[in-house]
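Hi,

Here is the structure I promised to pass on. Have a look at it first, and my notes follow underneath.

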Amino acid sequence: MSESSVAWRDEFIQNYETEASFEAQACYVCGGSEFEALSEVDRYGFWYPTGLCRDCGNVQQTAYYKESVVKSLYETYYRHIYGNQSPAQLFANQYQHAKSIHEIVDAQLGSGQHRLLEVGTGAGGILQYFAGKGYLVTGLDFDKDFI
């Protein structure tokens, strides 16, 4: 991570890595609530409590950020932490990589008119590529500077 990315990450952690920012998660498979802790942080230093469900063996995050925190993360911090590209740079990068994504999707769906929903669309390069191939596209993102 760059120095700038680390600074943005550290600001987010300082503002949001409190118990009040998280909601405990039940097991997504069986609904259990007893977990054996496997790890507490992810590779970027964010608190990411991961556990093994004692009832069924599913591995998952045992607590997750509240919706308001996730919104703040993606509106304010995400692009600065992961990549720090301008909207134009991100668009070009996405558009360039969209061809390989399209080849995989198109092989599965075949010909015809299809709809594509991209959650976390960023600058929209992937959507623009797919729109050029005849797809009806919709994108969602919290970062108003990129959408």
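To start with a small puzzle: is K144 buried or exposed? K144 is exposed, with a relative accessible area of 64% (buried means under 20%, exposed over 50%, partly exposed in between, using a 1.4 Å probe and protein chains only).

Some housekeeping before the rest. This is a predicted model, in which local features need pLDDT of at least 70 and side-chain atom pairs count only at pLDDT 80 or more, while totals for chains, interfaces and linings use all residues. Residues are numbered from 1 along each chain as its sequence is written, and side-chain values use heavy atoms, with hydrogens and water left out.

Now the salt bridges (a side-chain nitrogen of Lys or Arg within 4 Å of a carboxyl oxygen of Asp or Glu). The whole structure has four of them. One joins K144 to E75, with the closest N and O atoms 3.4 Å apart. That pair ties together distant parts of the chain, 69 residues apart: E75 sits in helix 2 and K144 in the segment after strand 7 (136-140). Helices (H or I, at least four residues) and strands (E, at least two) are DSSP runs, numbered from the N terminus. E75 is partly exposed at 26%, and K71, E75 and K144 are linked in a network of salt bridges.

Another one is R79 with D141, again with 3.4 Å between the closest N and O atoms. R79 counts as buried at 13% relative accessibility, whereas D141 is partly exposed at 21%.

On to the strands, which pair if DSSP finds at least two bridges between them. Strand 2 (residues 35-41) and strand 3 (residues 47-53) run antiparallel, joined by five bridges. Strand 3 also pairs with strand 4 (residues 59-61), antiparallel over three bridges. L52 is a handy landmark: it is the bridge partner of E36 and stands opposite V59 in strand 4.

Last, the largest pocket (an open set of points on a 1 Å grid over the protein atoms alone, where a 1.4 Å probe fits, with protein on both sides within 12 Å along at least five of seven lines; lining residues have an atom within 4 Å of a point). Its lining includes F12, D42, W47 and Y78. Helix 2 (67-81) is one of the elements that give two or more residues to this lining, and helix 2 gives the most, with three.

Cheers
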